[in-house]
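Subject: Structure handover and notes

Dear colleague,

I am passing on the structure we spoke about, together with what I found when going through it. Please read the notes below with the structure open beside them.

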Amino acid sequence: MSTDSMNHVPDDVSCDEYRHVSRRRFLELGSLSAASVTLPSWLPSVTFADSEDGVRDVLVSVFLRGGADGLTLVAPYADPTYYAVRPTLAIPRPDSSSPNRGLALGTFFMLPSTMAPLMAPYVAGELLAVHACGQSATKSRSHFEAERYLEQGKPEDYTIQSGWLARHLATSAPLNATAPMRATSITYGMPRTLAGAPKSLPVPRPASFGITSPNAAAVKRLYNGAWTPMRDSAIDGIATVALLNKLDFNGYRPANGANYRNDHLGQSLRAIATMIKGDIGLEAAHVDANGWDTHANQGSVGGVLADNMTEFASALRAFWQDIMQGPINHRVTLIATTEFGRNVRENGSLGTDHGRASVMFLMGNAIAGGQVITQWPGLEREQLEDGQDLKVTIDMRDVLAEVVQNRLNNRNLSAIFPDYTPRFRGVTK
């Protein structure tokens, strides 16, 4: 089985919109290159962060596309309503005798057994969950809209074409002024998160990335007299190809006993680890983890969601061991987000439908891990949004903004998250 098929959710468990969005994403992403998306006219005059001394983390963004069910990924076993509304899908309590019992994250939340690999970074205080979080300014349950709003950093505004992470890069000095590539995505086109980012390139298969026809010299001649941003992007792209070809992706050996599975997310994070250790000037990387739209056969041990959770937890554990452990300290922060959560109640197909709040994960040496940060709203019907969904009590921009300021050394938050004043939640040390 190929890594692409291993990261694909069967059509009979996801909704029509998710299948449509997934199939057209490649065409849309192809138009979101750094050269084709200009920075917004409202971007104010900014002060570049003092980053030449290298005091800034590399940010790794993982997007769980499809709407990941936060009530399974980090389940509230101490909320008695959880078991009443999910008689089939609820995870057995940590103190039960079930072989599939959850793993306690304190006295209220637990991880499902399929996510056991994450217990090590959690216990080490380097993995954090933020629960009941989401997009407070929109109630859209459309994959297309919710993904767009999250990635651009502002809901309900179709005039914005650039991404929040792109605007961070645009408002901060490069860590390495001579590096041809500051950011990458392990995708076939530029995701909106990085749309408009300077010196950024999508690299779907880093180990075999290159220019076949015409050759690099011909491409350079072709763009030599082009519009300056397009010419510079082409030159940087050629230099990036040459740089990546010097890295031995296939021969890379992870450190500290880390073992990346041969699946999409595992191999994507392995490639990102290779680039980070290769010291090529990488400042940000993005990877999509697809298939979280679980309308049917969701499961927590068997089923589609269990497979996704296994891939996710195993990949993060390997990356943590490889990059964040041992005598060499790589300054890296990983964030995992999703566009929305799922309904509190399970449906008749043993799945869950589109909801509101979900959970975020953050991982790194400077993350205030070993806890679940939340303002828990409760699961009783009168506590739910529209009587069916977990309420959003923490806006995801609060979390992203804190990381941008405290770990990426960038205080231009009004440019990165326009028309929003974040409230820091203590997710960084």
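Strand β1, which covers residues 58–64, is largely enclosed by the rest of the structure, because seven of its seven residues are buried. Please bear in mind throughout that this is a predicted model. The side chains of β1 divide into two sets, with Val58, Val60, Val62 and Leu64 pointing one way and Leu59, Ser61 and Phe63 the other way, and every one of these residues is buried. This fits the general pattern that, in a regular strand, side chains alternate between the two faces of the sheet.

β1 has pairing partners in both β7 and β8, which I take in turn. With β8 (332–338), the strand β1 runs parallel and is joined by seven bridges, and within that pairing Val62 has Ala336 as its bridge partner. With β7, the sense is again parallel, over six bridges, and here the bridge partner of Val60 is Ala285.

Strand β7 (residues 284–289) is likewise largely enclosed by the rest of the structure, since six of its six residues are buried. Ala284, His286 and Asp288 point one way from β7, while Ala285, Val287 and Ala289 point the other way, and all of them are buried. β7 is also joined to β5 by three bridges, the two strands running parallel, and in this pairing Ser185 stands opposite His286.

Just before β5 (183–185) comes a loop that starts after α7 (164–170), and Arg182 lies in it. Is Arg182 buried or exposed? Its relative accessibility is 5%, so Arg182 counts as buried, the cut-off being under 20%. The side chain of Arg182 reaches the backbone oxygen of Leu169 at 3.0 Å. Once neighbours within four places in sequence are left aside, the residues in contact with Arg182 include Arg56, Leu169, Pro198, Lys199, Glu283 and Ala284, the last of these being a residue of β7 that is itself buried.

On the cavities, the structure holds six of 30 Å³ or more. The second largest has a volume of about 70 Å³, and its lining is made up of Ser61, Val62, Phe63, Leu150, Glu151, Trp164, Thr193, Ile335, Thr337 and Leu400. The elements that contribute two or more residues to that lining are β1, α6 (143–152) and β8, and β1 gives the most, with three residues.

Turning to the nonpolar interior, the largest core has 56 residues, and those with the most contacts inside it are Leu73, Leu269, Met275, Phe312, Phe319 and Phe361. Helix α11 (residues 304–324) gives the most to this core, with eleven residues. Apart from this core lies another, of 32 residues, among them Leu59, Met190, Met396 and Ala401. In soluble globular proteins, nonpolar side chains tend to be buried together. To take one residue of the largest core as an example, Leu73 is in contact, neighbours within four places in sequence set aside, with residues including Leu64, Met110, Trp292, Leu305, Met309 and Phe361; of these, Leu64 belongs to β1.

A second loop residue may also be of interest to you. Pro377 is found in the loop between β10 (371–373) and β11 (394–395), and it counts as buried because its relative accessibility is 16%, which is under the 20% cut-off. Although Pro377 and Lys391 are 14 residues apart in sequence, their C-alpha atoms are 6.4 Å apart in space. Not counting residues up to four places away in sequence, Pro377 touches Ala132, Gln383, Leu390, Lys391 and Thr393.

Finally, some totals for the chain as a whole. Its secondary structure comes to 13 helices and eleven strands, and 59% of its 429 residues count as buried. Among contacts between residues at least 6 apart in sequence, 73% join residues that are at least 24 apart.

With best wishes

Notes
Residues are numbered from 1 along each chain as its sequence is written. This is a predicted model: local features need pLDDT of at least 70, side-chain atom pairs count only at pLDDT 80 or more; totals for chains, interfaces and linings use all residues. Side-chain values use heavy atoms; hydrogens and water are left out. Helices (H or I, at least four residues) and strands (E, at least two) are DSSP runs, numbered from the N terminus. Buried means under 20% relative accessible area, exposed over 50%, partly exposed in between (1.4 Å probe, protein chains only). A polar contact is a pair of N or O atoms within 3.5 Å; within protein, one must be able to donate a hydrogen and the other to accept it, and residues adjacent in sequence count only if both atoms are side-chain atoms. Contact means heavy atoms within 4.5 Å. A nonpolar core is a set of buried Ala, Val, Leu, Ile, Met, Phe, Trp, Tyr and Cys residues joined through side-chain atoms within 4.5 Å. Two strands pair if DSSP finds at least two bridges between them. On a 1 Å grid over the protein atoms alone, a cavity is a set of points where a 1.4 Å probe fits but cannot get out, and a pocket is an open set with protein on both sides within 12 Å along at least five of seven lines; lining residues have an atom within 4 Å of a point. Grid points are joined across faces, edges and corners, and a volume is the space filled by probe spheres set on the points.
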